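Colleague: I am new to this structure and would love a close look at a single part of it. Could you pick one helix and walk me through it?

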Amino acid sequence: MDIANLIQTVMVYALPVLFAITVHEAAHGYVAHYFGDNTAARMGRITLNPMKHIDPVGTILMPLILYFATSGTFLFGYAKPVPVNFGNLRNPKRDMVWVALAGPGANLIQAFLWGVLMYVLVATGTTEPFFLKMCKAGMLVNVVMFAFNLFPLPPLDGGRILVGLLPYRQAVLVSRVEPWGFFIVMALVISGIVSTLWMQPVMGLTFGLLDILLSPLNFLIR
């Protein structure tokens, strides 16, 4: 294990990861509050303070253990979920979709902003590799979070979106998976099914969308 390379990688990814997690979770709480549930607000979770969202095991310990155990080929982690009482929402089934979309949506916006920053740095003549690598890391981290959280299985955001969109009877059936959803997702991740059938296609489409959105900046700096 190259310790110097590990330290450099951690420094490049630290800020993008903190922003990605923090804004993702705060967005859930903010949208839930907007639609009538103030649970997250009462608990101080609608904040950009990363300490409110970091889970010591899921955000720090698990990714580090997996990094060393797999030599950086497989990483997985999670933040403390923002508490949402869906029964408090003005229209629970409909508003659940918007609350769930808020997190991945925040990641997509951040990926775009990191891309904008990278083009701005290039346009201003910045050649420092550290900052350019951080921008690329910011795009990658947020695209990964965007794609993974949209996987259509509760308790992931994609699962909640699916429950909100399905007719009542089918929605009830899907929601019953939630108590075991985390373990099912982990099994699918470890087996490579999520990566092959979901992450790679969705990430490819997302990077394609970002390329289109950023193309005016690319044209301007040429």
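Modeller: Happy to; here is a walk along helix α9, followed by a short word on salt bridges. This is a predicted model, in which local features need pLDDT of at least 70, side-chain atom pairs count only at pLDDT 80 or more, and totals for chains, interfaces and linings use all residues. Residues are numbered from 1 along each chain as its sequence is written, and side-chain values use heavy atoms, leaving out hydrogens and water.

Helix α9 covers residues 193-221, 29 residues in total; helices here are DSSP runs (H or I, at least four residues), numbered from the N terminus. From first C-alpha to last, α9 reaches 40 Å, close to the expected 42 Å, where the expected span is 1.5 Å times one less than the number of residues. At Leu214 the helix bends by about 50 degrees, and Pro216 follows within four residues. That bend is the angle between axes fitted to the seven residues ending there and the seven starting there.

Several residues of α9 are buried, among them Val202, Thr206, Leu210 and Leu214. Buried means under 20% relative accessible area, exposed over 50%, and partly exposed in between (1.4 Å probe, protein chains only). An α-helix has 3.6 residues a turn, so residues three or four places apart point the same way. The cover over the buried residues of α9 includes α4 (92-123), α5 (129-149) and α8.

Helix α8 also takes part in a salt bridge (a side-chain nitrogen of Lys or Arg within 4 Å of a carboxyl oxygen of Asp or Glu): the side chains of Arg160 and Glu178 meet at 2.8 Å, N to O. Arg160 sits in α6 and Glu178 in α8, 18 residues apart.

Notes
Helices (H or I, at least four residues) and strands (E, at least two) are DSSP runs, numbered from the N terminus. Contact means heavy atoms within 4.5 Å.
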